[in-house]
Amino acid sequence: MKIDDDAIPTMDIHLSAFLQLQGVVPELVKQSGRVIFHFPNCMKVTKLIQQYNKNPDGIPLLDYVQCLRRLRSQMISLRD
């Protein structure tokens with residue numbers, strides 16, 4: 001269920017790791033020397049962002065940290 005064709009851009013690696021942990025894989029885009037995470041603009045992503053901002057309980061911490069490290073690694077390799 002798409003809202004429109006645009007992507008939701010963010011530079012927040014912690015939000016990006018949370019979304020990836022929930023099954024939404026970002027597209028990493030290099031822009032002006034920075035890496036931007038682009039997510040599909042759909043209701044699922046919007047609801048997950050709202051959930052993240054409410055500081056949810058029950059997030060598997062080790063899995064989250066692994067997603068965070070993986071995204072950071074991808075981000076650094078894209079910058080070079």
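This dialogue reads three residues, V45, S16 and L15, in a predicted model.

Trainee: Let's start with V45. Which helix holds V45?

Mentor: Place a residue in its element before anything else. V45 sits in helix α2, which covers residues 43–53.

Trainee: Is V45 buried or exposed?

Mentor: Look at relative accessible area. Buried means under 20%. V45 has 0%, so V45 is buried.

Trainee: What does V45 touch, beyond its neighbours within four places in sequence?

Mentor: Contacts show which parts of the chain meet. V45 is in contact with I8, L19, V24, F39 and P40.

Trainee: How far apart in space are V45 and S73?

Mentor: Keep sequence and space separate. These two are 28 residues apart in sequence. From C-alpha to C-alpha, V45 and S73 are 23 Å apart.

Trainee: Now helix α1. Where does that helix run, and is S16 in helix α1 buried or exposed?

Mentor: Helix α1 spans residues 13–21 and includes S16. S16 counts as buried because its relative accessibility is 0%.

Trainee: Which residues does S16 contact, leaving aside those within four places in sequence?

Mentor: The list for S16 is T10, F37, F39 and L71. F39 is also in contact with V45.

Trainee: And L15? Why does L15 count as buried or exposed?

Mentor: Apply the cut-off again. L15 also lies in helix α1. Its relative accessibility is 10%, so L15 counts as buried.

Trainee: What separates the C-alpha atoms of L15 and Y52?

Mentor: The distance is 7.1 Å, with their positions 37 residues apart along the chain. Check contacts too. Not counting residues up to four places away in sequence, L15 touches T10, I49 and Y52.

Methods:
Residues are numbered from 1 along each chain as its sequence is written. This is a predicted model: local features need pLDDT of at least 70, side-chain atom pairs count only at pLDDT 80 or more; totals for chains, interfaces and linings use all residues. Side-chain values use heavy atoms; hydrogens and water are left out. Helices (H or I, at least four residues) and strands (E, at least two) are DSSP runs, numbered from the N terminus. Buried means under 20% relative accessible area, exposed over 50%, partly exposed in between (1.4 Å probe, protein chains only). Contact means heavy atoms within 4.5 Å.
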